[in-house]
Every structure is written in C-alpha cells, then in structure tokens.
Amino acid sequence: LPTAVGLGMRALGSQIGQPLLGVECMAALLMFATVTGILMALFQNNAGGAWDNAKKYIETGAHGGKGTEAHRASVTGDTVGDPLKDTSGPSLHVLIKLLSTISLVLCPLLVGRSP
C-alpha cells in the first residue's frame with residue numbers, strides 16, 4: 001500500500017509540478033501507520049493483561065469468587081484477552097517493521113527522474 005500511494009502521488013506530482021509529492025505522501029503514510037500501530041499494540045497488550053489479571057483477582061475471592069456471575073464474565077474477558085496479549089499485540093510490531101522495510105527498499109522508485 002505505501003508503494004502504491006507513493007507511485008500514484010509521484011505520477012500526480014509530476015503533472016502538477018511537485019516531483020517529491022510521492023515521497024512526501026509515502027512518508028506521511030509511514031508516520032501515521034507507525035504511530036497507529038504502536039498505539040494499537042499498547043492498547044491490545046494492556047487490555048489483554050488487564051482482563052487476565054481481573055480473572056485471577058476474582059478467583060482469589062473478590063466479588064464472590066468462583067461460580068459467581070462476576071467469575072463467568074471474567075472468564076469471557078480472559079478468553080478475549082489472551083489472544084490480544086499473546087498474539088495480536090506483539091504481531092503488530094512485526095507488521096510495522098515490514099511496512100517500513102518494504103517502503104525503504106522501494107523508495108528509489110519514487111525519487112528517480114519524473115516520467
């Protein structure tokens with residue numbers, strides 16, 4: 001996606017007299033995607049851990065302990081929280097690096113001579 005945005009904006013920029021428009025748009029997309037990915041990863045890791053800890057807390061006897069409605073709700077929360085904490089949050093780190101690496105490798109396509 002960032003390369004498609006960069007190439008499309010490069011073509012548009014060459015027509016309107018701004019040859020670096022593609023580079024600027026791709027840089028803006030990378031900055032937005034990186035910040036958004038970091039915030040989502042932080043949210044998912046923290047939310048997953050909070051739901052897991054809530055279940056453990058209720059199992060110690062708080063809010064009536066095991067067998068109560070609070071415990072059943074915490075089991076549901078833990079079922080949602082474990083994938084967030086263990087897989088979804090950490091995998092965003094890999095996607096952010098992949099997005100940046102591919103964009104940097106293909107960047108010479110955007111900086112070359114205007115078509």
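Helices are taken here as DSSP runs of H or I with at least four residues, numbered from the N terminus, and in this sense Lys 55 lies in helix 2. The model in which this assignment is made is a predicted one, and the description below proceeds from the overall form of the chain to its second helix, its salt bridges and its nonpolar surface.

The chain contains 4 helices and 0 strands, and its elements, read from the N terminus on, follow the order α-α-α-α. The radius of gyration of the chain is 22 Å, well over the 13 Å that the globule rule gives for 115 residues, so the chain is more spread out than a compact globule. The extents of the C-alpha trace along its principal axes are about 70 × 20 × 15 Å. Of the 115 residues, 28% count as buried, while the surface exposed by the chain amounts to about 7,300 Å², of which carbon and sulfur atoms supply 70%. Among the contacts with a separation of 6 or more, 70% are accounted for by residues that stand 24 or more positions apart.

Helix 2 comprises residues 21-59, a run of 39 residues, and the distance from its first C-alpha to its last reaches 57 Å, which is close to the 57 Å expected at 1.5 Å a residue. Gly 22 belongs to this helix; with a relative accessible area of 1%, Gly 22 is buried, because the cut-off for that class is under 20%. The C-alpha atom of Gly 22 is separated by 9.7 Å from that of Pro 2, although the two residues are 20 residues apart along the chain. At the other end, helix 2 is followed by Gly 61, a residue with a positive phi, near 120°.

The structure holds 6 salt bridges, several of which can be described in terms of the helices that carry them. In helix 2, the side chains of Asp 52 and Lys 56 meet in a salt bridge with an N to O distance of 3.4 Å, and these two residues, both in helix 2, are 4 residues apart, or about one turn of the helix. The two partners differ in their accessibility class: Asp 52 is buried, with a relative accessible area of 11%, whereas Lys 56, at 45% relative accessibility, counts as partly exposed.

Lys 55, the residue named at the outset, takes part in a further salt bridge, formed with Glu 59, in which the closest N and O atoms are 4.0 Å apart. Because Lys 55 and Glu 59 are 4 residues apart in helix 2, they are separated by about one helical turn. Lys 55 counts as buried at 19% relative accessibility, a value that falls in this class because buried means under 20%, while Glu 59, at 32%, counts as partly exposed. When residues up to four places away in sequence are not counted, Lys 55 touches Ser 74, Val 75 and Asp 78.

In helix 3, which covers residues 69-106, Lys 85 and Asp 82 lie 3 residues apart, about one turn of the helix, and their side chains meet in a salt bridge with an N to O distance of 3.6 Å. Both of these residues are partly exposed, with relative accessible areas of 24% for Lys 85 and 26% for Asp 82. The pair from helix 3 is not isolated from the pair of Asp 52 and Lys 56, since Asp 52, Lys 56, Asp 82 and Lys 85 are linked in a network of salt bridges.

A nonpolar patch is also found on the surface, with an area of about 590 Å², and it is made by Leu 7, Leu 95, Leu 98, Ile 102, Val 105, Leu 106 and Leu 109. Of the elements of the chain, helix 3 gives the most to this nonpolar patch, with 5 residues. Val 105, one of the residues of the patch, has its place in helix 3, and at 59% relative accessibility Val 105 counts as exposed, because that class begins over 50%. Helix 3 thus holds both the salt bridge between Lys 85 and Asp 82 and 5 residues of the nonpolar patch.

Notes
Residues numbered from 1 in each chain as written. Predicted model: local features only at pLDDT ≥ 70, side-chain atom pairs only at ≥ 80, totals over all residues. Heavy atoms only, no water. Expected span 1.5 Å × (residues − 1). Buried < 20%, exposed > 50% of the residue type's maximum accessible area, 1.4 Å probe, protein only. Rg over C-alpha atoms; globule rule 2.2 N^0.38 Å. Contact = heavy atoms within 4.5 Å. Areas by Shrake-Rupley, 256 points an atom, 1.4 Å probe, with all protein chains shown as cover. Patch = residues over 30% accessible without salt bridge, like charges linked within 9 Å, V, L, I, M, F, W, Y side chains within 5 Å.
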